[in-house]
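Reader: I would like to go through the ligand site and the pockets, with the criteria spelled out. Please set each value against its definition.

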Amino acid sequence: MIAILRIGHRPFRDKRITTHVALVARAFGADKIFVDTRDTKLESTILSVVDRFGGDFKIETGVDWKKVIKNWNGVKIHLTMYGLPLDHVIPEIKKHREVLIIVGSEKVPAELFELADYNIAVGNQPHSEVAAVALFLDRYLEGKWAERVFDGKVKIVPSEKGKKVISK
Ligand code: SAM
């Protein structure tokens, strides 16, 4: 089980970026996203993608983020530019099967650094939670996310030009 915990979500300001965190999580091999602020619009956007493109990705919004961390039965990883380099820590992380990946939006609460088992940086430059999640999942799954079959109502046929889509 791989889950993402998105904290500091502000439905109005972060609508697109949290949607992208969720879509990237789903596409690159995670099973679920928790979002701290309740956002039914975000839930329906993601569930509509799951409905059309397949898979079993789950979304839960309005969670108490500290409880999610406390109740997580596995390793808790906070992605932050202040952490240890991803490539140094990833061999250790790969020993775990239950992984909670925590990302912020603006400044994250200081206690998160203590609550996490690992504070991991995807490079020590500031960038984006979307990029951090994508790169972490790619390294953790060793690129095998690309082989996952989603078996949706809609399937894209890779083509050199144009859009080829099969609908069930
Ligand atoms: N200034 C904010 C801070 O001090 O936490 C960073 C905000 S950043 C736009 C939003 C989120 O992206 C961060 O909470 C972190 O999870 C992720 N992030 C940004 N840069 C990162 C990096 N180099 N490595 C890992 N995660 C990063």
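Reader: What makes the approach of Gln125 to the ligand a polar contact?

Author: A backbone N or O atom of Gln125 lies 2.7 Å from a nitrogen atom of the ligand. A polar contact is a pair of N or O atoms within 3.5 Å (within protein, one must be able to donate a hydrogen and the other to accept it, and residues adjacent in sequence count only if both atoms are side-chain atoms), so the Gln125 pair qualifies. Backbone N or O atoms of Gly123, at 2.8 Å, and of Val122, at 2.9 Å, also pair with a nitrogen atom of the ligand.

The model is predicted: local features need pLDDT of at least 70, side-chain atom pairs count only at pLDDT 80 or more, and totals for chains, interfaces and linings use all residues. Side-chain values use heavy atoms, with hydrogens and water left out, and residues are numbered from 1 along each chain as its sequence is written.

Reader: How do you know how much of the ligand the protein covers?

Author: On its own the ligand has 570 Å² of accessible area (Shrake-Rupley method, 1.4 Å probe). The protein covers 81% of that area.

Reader: Which elements give two or more residues to the shell around the ligand?

Author: They are strand 4 (75–85), strand 6 (118–121) and helix 6 (129–140), where helices (H or I, at least four residues) and strands (E, at least two) are DSSP runs numbered from the N terminus. Strand 4 gives the most, with 4 residues. Of the 18 residues around the ligand, Leu79, Ser105, Val122, Gly123 and Gln125 come nearest.

Reader: Why is the space taken by the ligand called a pocket?

Author: A pocket is an open set of points on a 1 Å grid over the protein atoms alone, with protein on both sides within 12 Å along at least five of seven lines; lining residues have an atom within 4 Å of a point. A molecule sits in one if more than half of its atoms lie within 2 Å of its grid points. The ligand takes the space of the largest pocket, so it meets that criterion. This pocket has a volume of about 470 Å³ and 22 lining residues. Strand 4 supplies the largest share of the lining, 5 residues.

Reader: What makes up the lining of the second largest pocket, by class?

Author: It has 6 nonpolar, 1 polar and 2 charged residues. Phe53, Asp151 and Lys155 are among them, and strand 7 (residues 154–157) gives the largest share, 3 residues. About 240 Å³ of space lies in this pocket.

How values were computed: Near = heavy atom within 4 Å. 1 Å grid on protein atoms, 1.4 Å probe; cavity = no way out; pocket = protein on both sides within 12 Å on 5 of 7 lines; lining within 4 Å. Points joined across faces, edges and corners; volume = space filled by probe spheres on them. Nonpolar A, V, L, I, M, F, W, Y, C, P; charged D, E, K, R; others polar.
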